[in-house]
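Colleague: Thanks for sitting down with me. Could you walk me through this model and show me how each label is earned?

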Amino acid sequence: MTDQEMLNKINKYAENVLSDIDPQKTKISFQLDKLKPVMQEIADEEGVAIEDIFIKYMDLATLQKIDMEKQFQQTMEEAGVTDLGKLEF
């Protein structure tokens with residue numbers, strides 16, 4: 001399984017089991033505990049410890065957030081918005 005496939009599988013699972021929580025108000029440990037079944041499944045398929053999957057997932061999720069932020073910044077720059085503080089609604 002590629003890293004992207006793993007990330008997609010966990011994110012899809014997360015959409016179902018974490019859909020009714022506020023991630024800003026819920027401890028990461030609780031969120032990760034909810035993801036444990038899919039991570040254990042992946043660990044078993046890959047023949048690695050679940051801790052390795054936790055670490056890899058956290059790394060991949062962080063990289064994904066960084067990429068999304070870069071894309072957002074690029075989109076805003078292309079739209080001519082360079083300072084969100086000066087944006088009028």
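Modeller: Happy to! Leaving out residues up to four places away in sequence, lysine 56 touches Asp3 and Met6. Do keep in mind that this is a predicted model.

Colleague: What makes those two residues contacts of lysine 56?

Modeller: Contact means heavy atoms within 4.5 Å, and Asp3 and Met6 both meet that for lysine 56. The C-alpha atoms of lysine 56 and methionine 6 are separated by 9.2 Å, although the two residues are 50 apart along the chain. Lysine 56 itself sits in helix α3.

Colleague: Why is lysine 56 called partly exposed?

Modeller: Its relative accessibility is 37%. Partly exposed is the range between the 20% and 50% cut-offs, so lysine 56 belongs there.

Colleague: And threonine 26, why does that one count as buried?

Modeller: Buried means under 20%. Threonine 26 has 18% relative accessibility, so the label buried applies. You will find threonine 26 in the loop between α1 (3–17) and α2 (28–46). Neighbours within four places aside, threonine 26 is in contact with Ile21 and Gln31.

Colleague: How do you know that the side chain of threonine 26 has a polar partner in aspartate 22?

Modeller: A polar atom of that side chain lies 2.8 Å from the backbone oxygen of aspartate 22. The cut-off for a polar contact is 3.5 Å, so the pair at 2.8 Å falls within it.

Colleague: Moving on to α2, where does that helix bend?

Modeller: At lysine 36, by about 50°, with proline 37 following within four residues. Just after α2, glycine 47 takes a positive phi of about 70°.

Colleague: Which residues of α2 are buried, and what covers them?

Modeller: The buried ones are Gln31, Leu32, Leu35, Val38, Met39, Ile42 and Ala43. Their cover includes α1 and α3 (50–78).

Colleague: Last topic: what makes up the lining of the largest pocket?

Modeller: There are 19 lining residues, with Leu18, Pro23, Gln31, Tyr57 and Lys65 nearest the centre. The pocket holds about 650 Å³ of space. α1, α2 and α3 each supply at least two lining residues, and α3 gives the most, with seven.

Colleague: How does the lining divide by class?

Modeller: The lining of the largest pocket has 11 nonpolar, six polar and two charged residues. Tyr57, one of the residues nearest the centre, comes from a residue type that counts as nonpolar, while Lys65 is of a type that counts as charged.

Notes:
Residues are numbered from 1 along each chain as its sequence is written. This is a predicted model: local features need pLDDT of at least 70, side-chain atom pairs count only at pLDDT 80 or more; totals for chains, interfaces and linings use all residues. Side-chain values use heavy atoms; hydrogens and water are left out. Buried means under 20% relative accessible area, exposed over 50%, partly exposed in between (1.4 Å probe, protein chains only). A polar contact is a pair of N or O atoms within 3.5 Å; within protein, one must be able to donate a hydrogen and the other to accept it, and residues adjacent in sequence count only if both atoms are side-chain atoms. The bend at a residue is the angle between axes fitted to the seven residues ending there and the seven starting there. On a 1 Å grid over the protein atoms alone, a cavity is a set of points where a 1.4 Å probe fits but cannot get out, and a pocket is an open set with protein on both sides within 12 Å along at least five of seven lines; lining residues have an atom within 4 Å of a point. Grid points are joined across faces, edges and corners, and a volume is the space filled by probe spheres set on the points.
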